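Here's a walk through one protein chain, taken a piece at a time. Keep the viewer open and click along as the residues come up.

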Amino acid sequence: MTSSRKKVLAVYPGSFDPVTLGHEDIARRTLRLADRLLLAVAETATHSKSHMFSVEERVDLLREVYRDDERVECVSFSGLLMDFARDSGAHCIIRGLRAVSDFEYEMQMAQMNRELWPEVETVFLTPDAPLSFLSASLVREVATLGGDVSSFVSPLVMNAMKEKLLA
Ligand code: ADP
């Protein structure tokens, strides 16, 4: 029997500066629910963070991490996430929930996004417990101070961070 189920496209937005094993865990879980995944690097950070990689470098790193998975596409976007999601034909927005600290901000964003475009659902996924304390900003901070972050990012991201810090 051929399935007439529509193909589900999920958009997972973030700063991915850089992509961590926490992001990868959420992406893997998304692919258990969705047929295609669009990893979308936000060009305009809504809250200021000190960056390590440019938006182009972050997209390139994501592409390297997912180069063997044709279900995953990596792009950047600017402007409103909901405009980008609508233009991409997305069915859902994926967000990762770590600790309670993520909850308030994520809840506000999800409600606002629903106002902006009621057709899309925000789906929250939780990572493997050991990854639930991990953030890209912590990885950047520890790496910049000379700490070993090899358990938190994939080897190719680790290499890119080393090169960046030596540059
Ligand atoms: P960060 O907060 O690490 O800088 P992003 O801004 O790229 O990360 O976050 C994009 C999305 O990924 C957010 O929904 C965030 O909650 C989620 N996320 C980031 N790290 C993790 C993690 N370790 N486990 C689960 N979700 C995560």
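**Salt bridges, strands and a loop**

Let's begin with Arg 29 and Asp 128, which form a salt bridge whose closest N and O atoms are 3.6 Å apart. This one ties together distant parts of the chain: Arg 29 sits in helix α1 (residues 21-30), while Asp 128 lies in the loop between β5 (121-125) and α5 (136-144), with the two positions 99 residues apart in numbering. Keep in mind that you're looking at a predicted model. As for how open the loop end of the pair is, Asp 128 has a relative accessible area of 39%, and it counts as partly exposed because that value falls between the 20% limit for buried and the 50% limit for exposed.

The pair isn't on its own, either. Asp 25, Arg 28, Arg 29 and Asp 128 are linked in a network of salt bridges. Across the model, the count of salt bridges comes to eleven.

Two others are worth a click. Asp 69 and Arg 71 bring their side chains together in a salt bridge, 2.9 Å from N to O. What about the surroundings of each partner? Asp 69 comes out at 18% relative accessibility, so it counts as buried, and Arg 71, with a relative accessible area of 38%, is partly exposed. Then there's Glu 121 with Arg 114, a salt bridge in which the closest N and O atoms are 3.4 Å apart. Here Glu 121 is partly exposed at 41%, and Arg 114 is partly exposed at 42%.

Now for some charges outside that bookkeeping. Which residues gather in a patch of negative charge on the surface? They are Glu 43, Glu 56, Asp 60 and Glu 64. Pick out Asp 60 and you'll find yourself in helix α2 (residues 55-65). Asp 60 has a relative accessibility of 42%, so it counts as partly exposed.

Time to head inside. Strand β1 (residues 9-14) has six of its six residues buried, so the strand is largely enclosed by the rest of the structure. Look at how its side chains are dealt out: Leu 9, Val 11 and Pro 13 point one way, Ala 10, Tyr 12 and Gly 14 point the other way, and all are buried.

Next to pair up with β1 is strand β2 (residues 36-42). The two run parallel, joined by six bridges. To line them up in your viewer, put Leu 9 opposite Arg 36 in β2, then find Val 11 opposite Leu 38. Strand β2 is mostly covered too, with five of its seven residues buried.

Finally, have a look at the loop between β1 and α1, where a couple of backbone oddities turn up. As background, most residues other than glycine have a negative phi, and most peptide bonds are trans. Phe 16, which is found in this loop, goes against the first habit: its phi is near 45°, a positive value in a residue other than glycine. Is that side chain's residue buried or exposed? With a relative accessible area of 2%, Phe 16 is buried. The second oddity involves Pro 18, also placed in the loop between β1 and α1. A cis peptide bond joins Asp 17 and Pro 18, with omega at about 0°. If you're setting up a backbone check, those are the two spots in this loop to look up: the phi of Phe 16 and the bond between Asp 17 and Pro 18.

Terms used: Residues are numbered from 1 along each chain as its sequence is written. This is a predicted model: local features need pLDDT of at least 70, side-chain atom pairs count only at pLDDT 80 or more; totals for chains, interfaces and linings use all residues. Side-chain values use heavy atoms; hydrogens and water are left out. Patches are made of residues with over 30% relative accessible area and no salt bridge: like charges are joined within 9 Å, nonpolar side chains (Val, Leu, Ile, Met, Phe, Trp, Tyr) within 5 Å. Accessible areas come from the Shrake-Rupley method with a 1.4 Å probe; for residues, only the protein chains shown count as cover. A salt bridge is a side-chain nitrogen of Lys or Arg within 4 Å of a carboxyl oxygen of Asp or Glu. Lys and Arg count as positive and Asp and Glu as negative; His and the chain ends are not counted. The place of a charge is taken as NZ of Lys, CZ of Arg, CG of Asp or CD of Glu. Helices (H or I, at least four residues) and strands (E, at least two) are DSSP runs, numbered from the N terminus. Buried means under 20% relative accessible area, exposed over 50%, partly exposed in between (1.4 Å probe, protein chains only). Two strands pair if DSSP finds at least two bridges between them.
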